[in-house]
Structure formats: structure tokens, C-alpha cells
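Colleague: Got a minute to walk me through this one? I'd like to start with the helix packing.

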Amino acid sequence: MTPIAHTDKAVAIAPQVFWVGALDPAMRNFDIILRTANGTTYNSYVVRGSTGVAVIDTVKENFSATFFERLESVCRYDEISHVVLNHLEPDHSGALPELMRRAPKARLHFSPQGFVMLKGLIDPSLLEGRMVTVNTGDRISLGDRTLRFFNTPFLHWPDTQCTYLEEENLLFSGDFLGCHFCDARLFNDQVGDFRFSFDYYYAHIMRPFREHVHNALDLIEPLPLELIAPAHGPVLREKPRDYLARYRGLSGSVLHGAETRTLLVFYISAYGATRRMAEAVASGAEEVDEVRVSLYDIEGSETGPFVDLIEEADALIFGSPTINGDAVKPVWDLLSSLTVVNVKGKLGAAFGSYGWSGEAVPMVEDRLRRLKLRVPVPGVKARLVPTDDELAQCRDLGRQTALHLVGRAQARTIDMAALG
Ligand code: FEO
């Protein structure tokens with residue numbers, strides 16, 4: 001194993017292109033939500049051209065010392081003509097203020113969406129006259145080297161972009177196509193097996209933005225590509241296109257065609273009352289043609305598989321008893337897991353039995369609205385054992401929600417025809 005972690009040397013990844021990042025093998029929890037079994041890397045790169053030097057991204061602030069040592073091994077500060085920030089999150093911009101102080105000739109290039117954020121990260125006076133926003137197709141010349149920019153927003157912040165070194169067919173991809181995996185051997189053909197980490201990173205960082213993933217892939221796939229240099233994890237020099245294909249696969253539809261309307265009913269029940277309500281909700285929804293209805297007892301599964309279903313569903317109905325003035329924990333657990341998928345605009349509803357207060361239903365409805373689901377049909381509560389009338393209300397809740405699904409599709413068709 002090359003002992004990169006114990007030297008301050010840069011690593012050549014292509015002719016006159018160097019990795020000057022930092023290894024963080026002790027990291028176990030990133031941004032609170034991401035776990036990593038062997039740490040992460042903060043990848044920064046230097047591109048030397050005949051008329052200038054560019055630095056692509058920096059590192060987390062407390063890794064600045066090792067970053068600057070590696071940087072100094074491949075260039076002088078007065079040679080640095082351009083700094084590119086593909087992404088402004090502090091794990092990549094932490095050393096930026098000091099870099100801009102040390103490299104007085106450098107101009108900073110970043111996406112238009114990054115402009116507002118940048119002002120919150122760095123003293124604006126330091127960047128006076130040195131900031132340049134770049135968009136898809138813009139280029140900067142380093143003499144015999146050319147950097148081309150691709151605006152790829154929401155991967156996973158609004159500001160994210162990719163930078164392409166044309167002469168080497170090399171893509172600096174930022175967080176996109178990266179992963180939290182720390183291995184001093186650096187290159188994907190030399191490090192340990194990191195497939196699980198690559199997929200995990202996608203699932204927790206990129207998955208809510210899969211339409212943006214598709215847009216970015218549309219931009220990048222046509223490029224000649226010999227190497228992908230992400231901002232975290234291994235440098236992808238062996239079969240780099242496999243990683244684009246993996247993102248295509250991970251971000252594609254996994255269940256069914258988009259033409260199928262799907263409605264999922266999730267419930268958990270202590271004594272059978274909420275289960276009977278759930279069955280009534282599902283049977284009401286089934287009365288509506290063209291809507292595929294599924295009924296799941298949350299108690300019978302881990303959350304993960306449900307999240308896959310939810311990502312592709314059109315309507316989500318949750319049943320929870322009220323216990324101690326609250327919905328029950330498994331329901332909250334499932335709802336909290338929805339932060340990794342885009343549920344905006346789906347239909348939502350709630351129901352459940354209760355003893356004396358029944359807070360669960362409005363609390364779940366409120367949570368659904370905060371997740372930006374639409375909740376067009378009022379929830380149903382039943383005190384203890386549901387009556388026939390309350391079960392009829394449950395059937396109506398399912399039926400009305402399903403009708404909203406079908407009705408929404410029809411309204412769109414009419415609108416399109418009107419536009420035509
Ligand atoms: Fe690696 Fe979004 O920062």
C-alpha cells in the first residue's frame with residue numbers, strides 16, 4: 001500500500017494533474033446522517049497548464065495543513081491563476097479563505113447558484129474583483145489545458161457543478177459519483193471493494209434528486225471520459241463509465257411503468273382496530289380502476305424496502321393508533337426515512353384508532369404536509385373499536401384519495417390539450 005496518509009506528497013492522477021486532498025480515516029459519521037466504516041477523503045486537485053495553474057476544490061478546514069503541504073509540493077502560490085469550487089459545502093471550501101489569501105492572483109470560479117452561499121462562507125472583501133460565475137459550456141484556458149464547466153445543480157446542493165479537463169478527458173465531478181471511503185491507495189483499481197459505499201452514498205445523498213441526476217448524466221455521458229475525479233472517495237480511472245451506468249441504474253425506475261398509479265396503505269395496530277380501518281381504506285381505494293393498491297403492516301418489515309416502494313408511489317396513507325397522545329414510533333420511523341426520497345407532490349392521508357384524544361391522525365397529516373405531500377382528504381379517527389359508520393368513512397377515505405389520483409391525471413390531460 002502506498003503510504004500516502006503518512007507523507008505530504010501529492011499524487012499524480014494524469015499528466016500534470018495532481019491529487020492534493022486529505023485523508024480522514026477516523027470519520028465515522030458525516031453530516032450526522034451518513035455513516036462510514038473507514039472514513040472519507042476530501043479530494044482536491046491541481047491542474048498545471050502552460051500559462052496557469054488551477055486548483056479544483058479544497059478540503060475541510062481542519063485538514064488545511066496537509067492540503068497546503070501537498071499543494072506546495074506541486075506549485076507555488078503565485079502560479080495559481082484559477083481556483084474552481086465545484087461545491088461550496090464546508091468539506092470542500094474549508095481551506096478556501098486561506099488559499100485565496102495565499103494565492104493573490106487566483107480568480108475563483110463557481111456556479112451562479114453558489115454566489116449567495118459564498119458570501120456566507122468567506123469574507124467578501126477577500127474576493128473583491130476575483131469572483132467569476134461559470135455555467136454550462138464556459139471554459140477557462142490554462143494555455144495548453146482547458147477546463148470546461150457543466151452546471152449540474154442539486155447534486156446535492158443548488159450550487160453543484162462539474163469541471164472537465166478537455167485534454168485528458170478527465171471529469172472533476174464534486175460530490176457526484178463520490179463516496180465516503182478512505183483508502184490511501186486512492187485509485188479505484190487499487191483500493192478495497194467500495195461498491196457498498198458508492199451505493200450507500202448515492203442512496204443517502206443523491207437519491208432525493210434523481211431527476212437532477214438524470215440531467216447531469218445527460219450532460220456527462222456524451223463526453224470522452226478516461227477518468228472521473230470526485231470530491232470524496234476513490235479516483236475512478238478503471239472503467240469510469242461503469243459508475244455513470246451505476247447511477248443510471250440506481251436512479252431508474254425499479255418497480256413499474258410511470259403509467260401505473262399506485263396507492264400504498266401502511267398501518268400498525270395494537271389490538272386490531274387500526275388494522276380493520278386499514279383494510280377498509282384499502283378496499284375503498286380498490287374500487288377505483290387504474291389505481292394499484294397495496295396494504296402493508298409496518299410491524300412486518302424493515303423500513304428500507306418500504307422506502308423503495310414509497311419513492312415510486314403516487315399516494316401514501318398511514319394508519320397509526322394514538323398512544324400517549326402521539327402516533328407510534330414505527331410510524332414516525334417510516335416518516336423520518338422519507339427524507340432520502342423526493343415525496344413532494346404525492347398524495348397523503350392518515351387514519352387511526354384512539355382511546356380518548358386521537359392526536360396521531362392530525363400529527364401524521366401535519367408531518368405529511370411538511371414533507372410537501374398534498375393531503376386533500378381529511379383523516380378518519382375511530383374511538384377504540386371502529387363502528388360500521390367509521391369503517392365506511394375509512395372506505396371513503398381510500399376511495400376519495402384514489403379518485404384524486406385518477407382525477408389529477410385527467411386534469412393534466414385536459415390542460416395539455418388546451419395548451420395545444
Ligand atoms: Fe462533500 Fe456536499 O459536500
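Modeller: Sure, and keep in mind it's a predicted model. The axes of helix α5 (residues 195–206) and helix α7 (residues 240–251) come within 11 Å, crossing at roughly 50°. That makes α5 oblique to α7.

Colleague: Which hand is the crossing where α5 passes α7, left or right?

Modeller: α5 passes α7 in a right-handed crossing.

Colleague: And which residues make the contact?

Modeller: From α5 you have F198, D199, Y201, Y202 and M206, and from α7 Y243, R246, Y247, L250 and S251. By type, the contact residues of α5 with α7 split into seven nonpolar, one polar and two charged.

Colleague: OK, switching to the sheet. What's the strand order?

Modeller: β1-β2-β7-β8-β9-β10-β11, an open sheet of seven strands with mixed pairing. The edges are β1 (11–14) and β11 (131–133), each pairing on one side only. From one strand to the next, the twist averages 25°.

Colleague: How do β2 and β7 pair?

Modeller: Antiparallel, over three bridges between residues 17–19 and residues 45–48. V17 has V47 in β7 as its bridge partner.

Colleague: Last thing, L338. Where is it, and is it buried or exposed?

Modeller: L338 is in the loop between α10 (329–336) and β20 (347–354). Its relative accessibility is 1%, so L338 counts as buried, the cut-off being under 20%.

Colleague: What does L338 touch?

Modeller: Leaving out residues up to four places away in sequence, L338 touches I310, F318, V343 and L371.

Note on methods
Residues are numbered from 1 along each chain as its sequence is written. This is a predicted model: local features need pLDDT of at least 70, side-chain atom pairs count only at pLDDT 80 or more; totals for chains, interfaces and linings use all residues. Side-chain values use heavy atoms; hydrogens and water are left out. Axes are lines fitted to C-alpha atoms, for helices over the stretch in contact, and angles run from 0 to 180 degrees between N-to-C directions. Helices (H or I, at least four residues) and strands (E, at least two) are DSSP runs, numbered from the N terminus. Angles under 35 degrees count as roughly parallel, over 145 as roughly antiparallel, 65 to 115 as roughly perpendicular and the rest as oblique. A crossing is left-handed if the near helix is turned anticlockwise from the far one by less than a right angle, and right-handed if clockwise. Contact means heavy atoms within 4.5 Å. Ala, Val, Leu, Ile, Met, Phe, Trp, Tyr, Cys and Pro count as nonpolar, Asp, Glu, Lys and Arg as charged, and the others, Gly among them, as polar. Buried means under 20% relative accessible area, exposed over 50%, partly exposed in between (1.4 Å probe, protein chains only). Two strands pair if DSSP finds at least two bridges between them.
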